[in-house]
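Subject: Structure handover

Hello,

Here is the structure I promised to pass on. Please open it first, then read my notes below.

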Amino acid sequence: MNRNKFRLQKVIIALTLSWLFSFESHIVKAIEVIEPLTNLLKQGENTLTPIAELPVPVKLELTLPPKGAPGKRKGAGSRNDCYNKQFIALVPGTNFGLTTSERPTFWFYVPYADNNKLEAKFWLHNKEGNQIYEKTFRLQNTPGIVKITLPETVSPLVLEDLYPWHFSVICNGTGRLKDDFVYGGVERISITSDLEKQLEGNNPRERIAVYAQQGLWFDALTALAEMRLANPQDKRLAQDWADLLKQVGLKEIESKPLVDCCTVEN
């Protein structure tokens, strides 16, 4: 009887030791998983950056210049073949924007379907009223936001001169009076040493934030639009776009697609 009791005690001791060693190995494994993460936060240079030192997310805050231009950024939206939809120029409510570009890009929301085979016309004048650029385009891939970029054949915009622009959708081939149109002004300014310093070394999103803060509407809008075209799935850029348009009262078109348009008519 005593022999059986002794054997039972040995079995219980063996099972207990086995359980203890198993529990200890789990503790060791848990420590092996936890310690590297803890060390990463303590070791410094070649480790994860502490949360307090992470860069603050870029936020676009637009500062508009204290000037405007004669213009109209929203079309009538009720003209014959153009149907009852609103044609919009992507500019502030002042109908005016600054740029540092010699040949800026202009952006417009065209709500009309391209199956109507509609054409659009863009022209730019200098401050004396002389026409320096005029082109007729065939709309395609619309509805959506389209761009018109001044070609290399156009002379660089003169610094600190106001250039009136006009963009119209040809709704009726028999008379221009029925065309839907928007118009406004653009002015080129020089890149100051201070602005150049702010742009140096920054990533593309940070440069866009600088453009917006300095009131360079066309530069900020175009840089952001080009980034969105290159990275269509980037949610941060989509939010930047929404924030920028909201600040100029164009929230209604923040979700409209950027489309490839327009073909020059010969």
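Start with Lys251. At 46% relative accessibility, Lys251 is partly exposed. Its side chain meets that of Glu254 in a salt bridge, 3.5 Å from N to O. Glu254 is also partly exposed, at a relative accessible area of 23%.

A separate set of charged residues is linked up as well. Glu102, Arg103, Glu152 and Arg188 form one network through salt bridges with shared partners. Within it, Arg103 pairs with Glu102, and their closest N and O atoms are 3.3 Å apart. Is each of these two buried or exposed, or in between? Arg103 is buried, because its relative accessible area of 17% falls under the 20% limit. Glu102 is partly exposed, at 36% relative accessibility.

One caution before the rest: this is a predicted model.

The salt bridges come to 11 in total. Look at Lys74 and Glu252 among them. Their side chains meet at 2.8 Å, N to O. Why pick out this pair? Lys74 sits in the loop between α1 (2-43) and β1 (88-89), and Glu252 in the loop between α5 and β9 (263-264), so the bridge ties together parts that are 178 residues apart in sequence. Lys74 is partly exposed, with a relative accessible area of 25%. Glu252 is partly exposed too, with 40%.

Now the overall layout. The chain has 266 residues, and 38% of them are buried. It holds 5 helices and 9 strands. From the N terminus, the order is α-β-β-β-β-β-β-β-β-α-α-α-α-β. Take the contacts with a separation of 6 or more: 69% of them join residues 24 or more positions apart. About 16000 Å² of the chain is exposed, and carbon and sulfur atoms supply 54% of that area.

Next, the interior. The largest nonpolar core has 62 residues. Which of them touch the most other members? They are Leu90, Phe108, Phe122, Leu124 and Trp165. As for where the core residues come from, α4 gives the largest share, with 7 residues.

Phe122 is worth a click. Leaving out residues up to four places away in sequence, Phe122 touches the aromatic residues Phe106, Phe108, Tyr133, Phe137, Trp165 and Phe167. Its other contacts are Glu134, Lys135, Ile148, Leu150 and His166.

Then go to α4 itself. This helix covers residues 217-230. Its end C-alpha atoms are 20 Å apart. How does that compare with what 14 residues should span? At 1.5 Å a residue the expected span is 20 Å, so the two values agree.

α4 is mostly covered, with 10 of its 14 residues buried. They are Trp217, Phe218, Asp219, Ala220, Leu221, Thr222, Leu224, Ala225, Met227 and Arg228. Asp219 and Arg228 are thus charged residues on that buried list. What do the buried residues of α4 pack against? Four strands are involved: β2 (96-99), β3 (105-110), β7 (162-170) and β8 (180-188). Two helices join them, α3 (204-213) and α5 (235-247).

To look through it in order, I would take three views. Begin with the Lys74 and Glu252 bridge. Move on to Phe122 and the residues it touches. Finish at α4, which supplies the largest share of the core.

Best wishes

How values were computed: Residues are numbered from 1 along each chain as its sequence is written. This is a predicted model: local features need pLDDT of at least 70, side-chain atom pairs count only at pLDDT 80 or more; totals for chains, interfaces and linings use all residues. Side-chain values use heavy atoms; hydrogens and water are left out. The expected span of a helix is 1.5 Å times one less than its number of residues. Buried means under 20% relative accessible area, exposed over 50%, partly exposed in between (1.4 Å probe, protein chains only). Contact means heavy atoms within 4.5 Å. Accessible areas come from the Shrake-Rupley method with a 1.4 Å probe; for residues, only the protein chains shown count as cover. A nonpolar core is a set of buried Ala, Val, Leu, Ile, Met, Phe, Trp, Tyr and Cys residues joined through side-chain atoms within 4.5 Å. A salt bridge is a side-chain nitrogen of Lys or Arg within 4 Å of a carboxyl oxygen of Asp or Glu.
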